[in-house]
Every structure is written in structure tokens, then in C-alpha cells.
Amino acid sequence: MSVAAYGRLRSKKRRDFTTNLITFAVVVLLAALVLFPIWWIFRTSLMTNAEIYKYPPSLLPQNWLFSNYEKTLEVFKFWKYLWNTMIIIVPSCLAGTFTATLCGYAFARLRFRGKSLIWVLCIGSMLLPTMVTLIPLYIGWTRGLGLQDSYLPLILPYFCGGGAFNIFLIRQFILSIPRELDQAATIDGAGYFRILFGIIIPAIKSAMIVVALFIFIGLWNDLLQQMIYINSSDKYTIALGLTNFRGQLKSDWSLTMAATCLSFAPGVIFYLIGQRYFVEGITLTGLKN
Amino acid sequence: MESVNKPPGRRSRFYSSEARVAYICLIPAFLGLIFLTYLPLVGVLGISLTNWTGLKSPEFVGFDNYVQLFTADPYLMDSILATIYFAVLSVVGSMIYSLFIAMLLNRKIPARGFFRAVFYVPYVLPAVAIYVGWSWLYEANFGFFNFLLSEAGLRKVLFIADSSYVVPSLSLISVWLAGNLIVIFLAGLQNVPSVYHEAAEMDGANGWNRFRHITVPCMTPIIFYNLLMSLIANLQVVTPALSLTNGGPGNSSRFMTYLMYDQAFVNYKLGYASATTFIIFAILAVFTAVLFKTSHRWIFNEGGDDK
């Protein structure tokens, strides 16, 4: 290598090092900015109201008043709301993941008449905004089936394939598994369901966890449908309870923020458990589109 | 694509058992597509032609609801404009933000996984809690943003209580929530062949040129996907209005879905609200169609087999 070329390479290396250093600094700064609102909410939840209104506000609470949480729990029935939310989420996640897997398997591996048509209808429903079907579904559930003030209208839709997007995601995952595996099993005499349960499902576990997490987040955030279908306050979910709580305690910010932080917790815990799969799963959806 | 049907041919008995398994697997999806998707879609059109209020039985009124919506409704126009304003700000903001962050995270920096998790975290928090939490940052007297403004010597702003600031304020939150877009962009960036960059660098292309002529073209399919998904999601925005603003102040955050909610579930005008729903559906369809129609002009297909 000539001296000039060597010099160029070295200067490129040095330049790369500097840009990476600057990049790192920018990332740290932006990450701090993104986390800042969460920190601000959290530190407020540990302060007295007098401290909140102090000028200039401080970044850290003077004494960490975890007793705010005790006070909050007296009025904000967090455990009750969490339990109610889980009554909706757990069956929905299980059923949604399972039925999405069945459908994804059929679309990825099996041949049958009308496949393209059903696939198009399925993918088409991904583009259909969910709010469009809200009123007819409301009438159907409450008038048609008499399910007033019930969790069933929120849960049962997940027994029907768990949403087109999730079916799509599972199908993409199954397509990425080599077909030779199921062909070998077929030669060994395994049926289609044996292949599904013995080969496919173990191989796409991470995708199924992603689907479960997507359903979790979807239900978690769906304030609109919870408002429509749930009336009595002892059936409130976290989303409904928090909305209502904020209305009651308009100015008691430290308690409101404590309730907010409590509501953050389950999502964060779920995410930390499934994080690895999560990134993997979303990555695949983005790539295969 | 493998979804193409093959004729049964000689293996017809084998095929039929395969098909039977497939139909069994698809029963849930069949039920869902029929009863939860396409039938309700027809239903909403049907109901929109009646004066159903939920109390008395519906009567057919033709296009009266639509006529009334376009000529006499005090909210519809404001609502459409507010929604489009919100969606455009949020989509543009979150696309730029997430692509920028993804490009930073695509470089070889320490603790990349940790930072990716950090930028993703807002997305997994429950939406209501996020809006309630941010309402404290936006608070009129003691909120954090007003502290910044007064430190900078500026006048205090009411943010979500001010009709001209409420939509940008809510959009900022939805940009903050764009963690899932970052992860998808990042995956796409990792698929841009590094030989392109190396070759361009040899030829002396600077960073901006490489971004403009290599990264962006290679990323167009993913940009399209993110654009489509975030547009559909943001045009349906409703949670901030439900949990925080109740459509106010004035009508400034009376987003279309909130308008429909208000008509149908607060005032029980089911027929009228269905007409609103159909209008919203039409608007969303127009946006989606425009995006699809223009996509072939700017989406770059490597090898041209992307279908």
C-alpha cells in the first residue's frame, strides 16, 4: 500500500471515529430528551403539591414521597382496574395469537380453493379503518346479542383471527421456515396439524410473542371501545379508570401523576420481558412488505 | 408469491384433505371477515340512510343525513380540517424524527440495543396515561414547557387549552410515540447494501449525497409502508380528545372519530353518526388511494420484482 493511500485510510478511520463520537453524543442527548417527560411525570408523583408549584421547579424531589402512592391507591383502584384489564387482555392475547397462527399457517403452507380471494379480503381489511365498523358492531353486540356493560364485545373479536395484520405477520414468519422440514415430516407420516404443532409453532414462537404483545398494546390503548362497551365503574379498565380519575382530581397533580406512573408499569414490564422478540418481530414486518 | 392456487391434478385426494385442514384453520378468520369487517361495512352504509336514534325504530330517510351534514352540521368542516391538520403534522413530524433517529442508531455506536429500547419505550405505555402525563407538562402555569418559556423570557402559552396550540401540542406527543417507526426504519437501513455506500465514498460523494442518492432510494418501500400505516393511524386519532380535551377548546381538537363518537354514543344519533363514519371512511380512502397511486413514481424497486 502506498504511503498516500495509507494516509487516506488512516484519516478516514480518524474521521469515522469522530463522526461516531458526535453521533453517540447526539443519541445520548436525544435519548435524554425522550425520557425526560417520563422522568418529569415520575418526579412529580413523589412531590408535595407545594413543591410542585415552586419556582424554579427542581429536577429531583426533595424527599421521595412514596406515600403519595399509598394515597393514590386509596382513591384510584389500581389493582381492581389492572385485574379488569387483564380479564380482557389475557383471553384476547391467547385466542388472538392462536387463531392468527392457524390462519397464518393456512395461508403460508396449505393449498385450497379460493386462497387468493380470501387472502386479498384479509389484507384489504388491514387498510379498513377500525372506526368504520364501530357503530354496526356496537348495535350488533348490544342490541343483537344483548351484551351491555360486558367485556365480551372487546374480547370475542380476538377469537376471529386476531386481526389481519397479525395473520400477515405470522404468515411471513412461517414462509421464512424451510419447507423441507415439513416435507420430511410428511414423509414420516405426520398430518397437517401435527406439522403445525410439532414443527411450525416451535419455530415461530418469537412471532407469536410479538403478536401477543401487539394485541396487548392494542387493547391497552383502545380507550374508545372500552368507553362504548363498559358502563359501570366497578368494571373500569386502567384506561377508563385513569380518564375518570383525572376528571375527579383536576388539580391534585402529584396524585394524578402517581396514578399515571402506576398505569405505565405493566406496559413497561411486559415490554422488558418480550423486548428481544419484539424488535425481531417488527423488523420482519417492515422488511417483508 | 406462493398464494397462487395450483390446480389439484393427480394428487386430488391428498389435496382435498389439505384443503379441509385449511378451511378448518380459517374458520375464525372467515367469521371475523364476514361478521366483524365486511358485513358491518355494508351495515354502516345502510344505517346512514336511516334516522335511527336508538330509541325509536329506524326509518329510511335517503340521503338526508348526508345533506344535513354538509349543509347544516356545525362541526363537520372544523372536524375534518382539525384531523387533517393533526395527521399531516404528526405524520411528517414522526417520519422525519424516526428516520433521523434510525440513521443515528444505524452507526456503530456503543449500547445500540439500549438506545433502541429507550426510543421505543413511549410506544408501549398506555395512551391514556401518556396524554394525562403530558397534560401536566403542558399545564398553563406550572407546567414544564411554560417554565422553559418563562426562562427564555417569553409569554406563557396555554398549549392544550389554547385553540391555536392544541393540535401542534398533541402532534408533538404523537411524534414522541413514534418508536415503532424507528424500529422498522432501522431494519430497513440495515438492509441497504453497504457496497453502494463504499463505492460512492470512493467516488468522493459526501454524506448528504449518499443519503439522498443511496439511502433514500433503497428505503422508499419502507418509507411507503411507514407513511401508509402512520397516516391511517393518525387520521383516526381519538384518544387525546376522549381523555384530555373533549374536542375543545372550541372545536379545535374535535377530530373526526371523536365527532362520530359524540354523535353516536353521547347523542345517540346512530343514523346520523353512520353518515359521518362513511364520510370519514371516504376521506381515509382518498388519502390511501392517493398514496398508492403516486407510489410507483417514487418507490424504487431493486430488480423490479417487488410485487
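**Exercise 1. Confidence**

What is the mean pLDDT of chain B, and what share of its residues reach 70 or more? Then find where in chain B the pLDDT stays under 50.

*Solution.* Begin with the status of the coordinates, which belong to a predicted model. For chain B the mean pLDDT is 85, and 93% of the residues reach 70 or more. Next, turn to residues 6-10 of chain B, over which pLDDT stays under 50 and for which the model has 2 contacts beyond four places in sequence. Finally, for the complex, the predictor gives an ipTM of 0.86 and a pTM of 0.87.

**Exercise 2. The fold of each chain**

Determine how many helices and strands chain A has, and how its radius of gyration stands against that of a compact globule of 289 residues. Repeat the analysis for chain B.

*Solution.* Chain A has 14 helices and 0 strands, so listing its elements along the sequence gives α throughout. Its radius of gyration is 25 Å, whereas a compact globule of 289 residues would have one near 19 Å. The C-alpha atoms occupy a box of roughly 85 × 75 × 35 Å along the principal axes of chain A. Buried residues account for 42% of the 289 residues in chain A, and of the contacts in chain A with a separation of 6 or more, 77% are between residues 24 or more positions apart.

For chain B, the count is 13 helices and 0 strands. With a radius of gyration of 24 Å, well over the 19 Å that the globule rule gives for 307 residues, chain B is more spread out than a compact globule. Its C-alpha atoms fill a box of roughly 80 × 75 × 35 Å, 41% of its 307 residues count as buried, and residues 24 or more positions apart account for 68% of the contacts in chain B with a separation of 6 or more.

**Exercise 3. Domains**

Identify the domains into which chain A is divided, and describe the side of domain 1 of chain A that touches domain 2 of chain A. State also the domain assignment of chain B.

*Solution.* In chain A, the assignment gives domain 1 (3-68) and domain 2 (69-287), whose C-alpha centres lie 33 Å apart. The contact between them takes 11 residues from domain 1 of chain A and 12 residues from domain 2 of chain A. On the side of domain 1, the elements giving two or more residues are α1 (3-45), α2 (49-52) and α3 (67-75) of chain A, and α1(A) gives the most, with 4 residues. By character, the residues on this side of domain 1 are 5 nonpolar, 6 polar and no charged.

In chain B, the assignment gives domain 1 (9-47) and domain 2 (68-304), and here the C-alpha centres lie 34 Å apart.

**Exercise 4. The contact between the chains**

Count the residues that each chain gives to the contact between chain A and chain B, and characterise the side of chain B.

*Solution.* The contact takes 80 residues from chain A and 81 residues from chain B. Helix α1 (residues 12-47) of chain B supplies the largest share of the chain B side, 20 residues. Sorted by character, that side comprises 59 nonpolar, 16 polar and 6 charged residues.

**Exercise 5. The largest nonpolar core**

Which residues touch the most other members of the largest nonpolar core?

*Solution.* The core has 154 residues, and those touching the most other members are Cys103(A), Ile167(A), Ile170(A), Val211(A), Phe216(A) and Ile182(B). Helix α4 (residues 78-109) of chain A gives the most to this core, with 13 residues. Taking Ile182(B) as an example, its contacts beyond four places in sequence are Ser98(B), Ile101(B), Ala102(B), Phe119(B) and Tyr120(B).

**Exercise 6. Two residues of chain A**

Explain why Ser150(A) counts as partly exposed, and why Ile199(A) does too. Then place each residue in its surroundings.

*Solution.* A residue is buried at 20 or more C-beta neighbours within 10 Å and exposed at 12 or fewer. Ser150(A) has 17 such neighbours and therefore counts as partly exposed. Ser150(A) lies in the loop between α6 (134-144) and α7 (152-155) of chain A, and its C-alpha atom is separated by 6.5 Å from that of Tyr229(A), 79 residues away along the chain.

Ile199(A), in helix α10 (residues 192-203) of chain A, counts as partly exposed because it has 16 C-beta neighbours inside 10 Å. Beyond four places in sequence, Ile199(A) is in contact with Leu181(A), Asp182(A) and Ala185(A). Ile199(A) and Val27(A), by contrast, are 172 residues apart in sequence and 41 Å apart in space, C-alpha to C-alpha.

Methods. Residues are numbered from 1 along each chain as its sequence is written. Chains are lettered from A and ligands numbered from 1 in the order in which they are written. This is a predicted model: local features need pLDDT of at least 70, side-chain atom pairs count only at pLDDT 80 or more; totals for chains, interfaces and linings use all residues. The radius of gyration is taken over C-alpha atoms; the globule rule is 2.2 Å times the number of residues to the power 0.38. Two residues are in contact if their C-beta atoms, placed from the backbone, lie within 7 Å. Ala, Val, Leu, Ile, Met, Phe, Trp, Tyr, Cys and Pro count as nonpolar, Asp, Glu, Lys and Arg as charged, and the others, Gly among them, as polar. A nonpolar core is a set of buried Ala, Val, Leu, Ile, Met, Phe, Trp, Tyr and Cys residues joined through C-beta atoms within 7 Å. Domain bounds come from an automatic or database domain assignment. pLDDT is the predictor's confidence in each residue, from 0 to 100.
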